[in-house]
Amino acid sequence: MSNIQWEYIFNPELALESIPYVLSGLPYTLGIALISAIFGLMIGLVLASMRISNIKVLNIIARAYISFMRGTPTLVLLFILYFGLPFMNVQLPAVTASIIGFSVNSAAYIAEIIRSSISSVDPGQWEAGYAVGLNWGTIMSKIVLPQAWRIAVPPLSNTLLDIIKGTSLTAMITVPEMFQNAKIVGGREYDYMTMYILVALIYWALCSLFGIFQKYLEEKTSVYV
């Protein structure tokens, strides 16, 4: 330990000076993450409905989609969208490619969370709904989903945190988010370690704030207990 040159590991002065520039990428980080989470939730709801459907074709399509997306690295997907599609004369802006990539990828995980949450609701709820003459859509939206939502909040929140952290991958396709800005400063100052530690701390603080929001959602949805 005595041989470690600590001044080359973390430079507090450089870190403090660089915070404003690194944080200038925060709108990209949060924007991509939140928009992707919304689209991912929308697609995930459709996929979850297909997964629990009695229509075999829809079930197979949803299974195949979920299997492919869960088995494909997000970075590979981003490279296909940003560097691969131009060979087909389709050029997407980096931010657009990022949103599409994280949306379709997160949808697979969200679909499984929603499906398992719906399956956790007592089947008697469905039977009671049908017994009083309600249709499938009404039972799902008014009875099942409110109960499933309470179960789904913690894992869905974890998925959002994964998306927020995953946005650092967009630096590989030139999106000027926080990690990309940290890399720029690190290259300019020949001190990557300080910048990597700084951006790690920023991500930690950001995810901690969303953790507080998750706790709030869990308390609000507990009214369905």
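Good morning, colleagues. From the N terminus on, the elements of this protein run α-α-α-α-α-α-α-α-α. That is 9 helices and 0 strands. I should say at once that the model is a predicted one. Along the principal axes, the C-alpha trace of the protein spans about 70 × 45 × 30 Å.

Let me turn to confidence. The mean pLDDT of the protein is 90, with 95% of the residues at 70 or more. Confidence is lowest in helix H6, residues 123-131, where the mean is 82. It is highest in helix H4, residues 74-84, at 96. As a general caution, predicted coordinates should not be read in detail where pLDDT is low.

I come next to helix H7, which covers residues 136-166. How far apart are the end C-alpha atoms of H7? They are only 36 Å apart, although H7 has 31 residues. A straight helix would reach 45 Å at 1.5 Å a residue, and H7 falls short of that. Where does H7 bend? The bend, of about 50 degrees, is at Ala152. A proline, Pro154, follows within four residues of Ala152.

H7 also matters for my next topic, the largest pocket, since the largest share of the lining, 8 residues, comes from this helix. The volume of the largest pocket is about 370 Å³. It is lined by 18 residues, and the closest to its centre are Ala37, Trp149, Leu156, Ser157 and Leu160. Which elements give two or more residues to the lining? They are helix H2 (26-51), helix H7 (136-166) and helix H9 (192-221). As to the character of the lining, 15 residues are nonpolar and 3 are polar, and there are no charged residues.

Finally, the aromatic residues. A search of the whole structure finds 6 aromatic pairs. Which residues form one aromatic cluster? Phe79, Tyr82 and Phe83 do so. In general, an α-helix has 3.6 residues a turn, so residues three or four places apart point the same way.

To close, I would draw attention again to two points. H7 bends by about 50 degrees at Ala152, and the lining of the largest pocket holds 15 nonpolar residues and no charged ones. Thank you.

Technical notes. Residues numbered from 1 in each chain as written. Predicted model: local features only at pLDDT ≥ 70, side-chain atom pairs only at ≥ 80, totals over all residues. Heavy atoms only, no water. 1 Å grid on protein atoms, 1.4 Å probe; cavity = no way out; pocket = protein on both sides within 12 Å on 5 of 7 lines; lining within 4 Å. Points joined across faces, edges and corners; volume = space filled by probe spheres on them. Nonpolar A, V, L, I, M, F, W, Y, C, P; charged D, E, K, R; others polar. Phe/Tyr/Trp six-rings, centres within 6.5 Å; stacked < 30°, edge-to-face > 60°. Expected span 1.5 Å × (residues − 1). Bend = angle between axes of the 7 residues up to and from the residue. pLDDT = per-residue confidence, 0-100.
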